[in-house]
Amino acid sequence: MVRRMTLLQYGIAQIGRPSARKSSLAMLVEPTDLPGGGWRTIGERSFRIGFRIGASEVARSARHTGAFASSRYFEQAPAMSRYCWLEVMPYASAADAKSVLPDLETSIVRDPRTEATGVGRRIEPQEAPEVADYPFVYETPISGRNGPSTPRMVGGIVAHVVFVVSCSEAGPGWSWSEVAPVGAAQALKIRTILDASSQSETG
């Protein structure tokens with residue numbers, strides 16, 4: 001189940017260090033990182049992890065570090081019906097990040113412009129071998145401004161950072177083979193930012 005935050009929770013979760021917010025946003029891909037061309041950013045947001053009611057111990061640990069989760073939304077021209085949404089969630093440690101994977105769908109904050117119209121499900125490796133290397137593969141039916149669709153999601157971990165990529169399109173939607181390189185681009189962007197940060201600290 002992909003959850004929402006209440007407005008109060010979201011408001012409280014805006015309080016934090018600007019540098020932590022900036023670092024989290026920097027981990028997200030830009031339009032030029034996405035395959036196919038014609039992409040534009042249509043929105044982004046960030047919020048402190050661990051401020052939802054019922055937050056897990058791991059999420060509360062991330063909250064104590066001041067970590068921000070960030071997400072960014074893209075639309076592809078000229079069709080204007082193909083979308084990509086990405087989220088990064090830095091945790092206190094790689095072990096904490098790994099512990100989130102079995103229930104990752106409960107940590108995702110869904111796009112507020114959409115409504116779930118059915119029950120999401122995990123996809124087994126044999127169903128989508130193109131994305132079998134990702135530890136999180138998920139799809140869930142929704143309804144948005146362009147009608148019903150079934151976003152396809154992949155997610156994984158880079159060091160202590162969990163990432164999720166969701167790709168949707170009205171009608172038949174994205175194939176898993178199209179989703180896979182978007183996940184790879186997001187993982188590479190996180191690794192690049194973490195490596196640059198590590199070199200800065202040691203230099």
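A residue is called buried here when its relative accessible area is under 20%, exposed when it is over 50%, and partly exposed in between (1.4 Å probe, protein chains only). By that yardstick, buried residues make up 48% of the 203 residues in the protein. The model is a predicted one, so local features need pLDDT of at least 70 and side-chain atom pairs count only at pLDDT 80 or more, while totals for chains, interfaces and linings use all residues. Residues are numbered from 1 along each chain as its sequence is written, and side-chain values use heavy atoms, with hydrogens and water left out.

The secondary structure comes to five helices and 10 strands, taken as DSSP runs numbered from the N terminus (helices are H or I with at least four residues, strands are E with at least two). Contacts, meaning heavy atoms within 4.5 Å, often reach far along the chain: among those between residues at least 6 apart in sequence, 64% join residues at least 24 apart.

Next comes the sheet. Strands of a sheet pair through backbone hydrogen bonds, either parallel or antiparallel; two strands are taken to pair if DSSP finds at least two bridges between them. Seven strands make an open sheet in the order E1-E2-E3-E10-E9-E6-E5, and the pairing is antiparallel. E1 and strand E5 (121-122) are its edge strands, each pairing on one side only.

Walking in from the E1 edge, strand E1 (residues 39-48) runs antiparallel to E2 and is joined to it by nine bridges. Phe47 stands opposite Ala69 of E2. On to strand E3 (residues 82-90): seven bridges link it to E2, again antiparallel, and Val88 of E3 is the bridge partner of Ser70. E3 in turn has nine bridges to strand E10 (residues 161-169), also antiparallel. Here Cys84 faces Cys167 in E10.

E2 itself is well covered, with nine of its nine residues buried. Phe68, Ser70, Arg72, Phe74 and Gln76 point one way from the strand, and Ala69, Ser71, Tyr73 and Glu75 point the other way. Gln76 belongs to E2 (residues 68-76) and counts as buried because its relative accessibility is 13%. Its side chain reaches the backbone oxygen of Gly37 at 2.8 Å, which fits the rule for a polar contact (N or O atoms within 3.5 Å; within protein, one must be able to donate a hydrogen and the other to accept it, and residues adjacent in sequence count only if both atoms are side-chain atoms). Leaving aside residues up to four places away in sequence, Gln76 touches Pro35, Gly36, Gly37, Gly38, Trp39, Ser81 and Arg82.

Helix H2 (residues 18-26) has Ala20, Ser24 and Leu25 as its buried residues. They lie on the same side of H2, because they cover an arc of only 130° around the axis (the arc of the directions from the helix axis to the C-beta atoms). These buried residues pack against E1, E2 and E3, whereas the face turned away from them carries the exposed Pro18 and Lys22.

Finally, the rings. Two aromatic pairs turn up in a search of the whole structure. Phe136 and Tyr138 form a stacked one, 5.5 Å centre to centre with 20° between the planes. For such pairs, rings of Phe, Tyr and Trp (its six-membered ring) need centres within 6.5 Å; planes under 30 degrees apart are stacked, over 60 edge-to-face, and the rest tilted. Both Phe136 and Tyr138 are buried. Elsewhere, the charged end of Arg82 sits over the ring of Trp174, 4.3 Å from its centre (the cut-offs are NZ of Lys or CZ of Arg within 6 Å of the ring centre and within 35 degrees of the ring normal).
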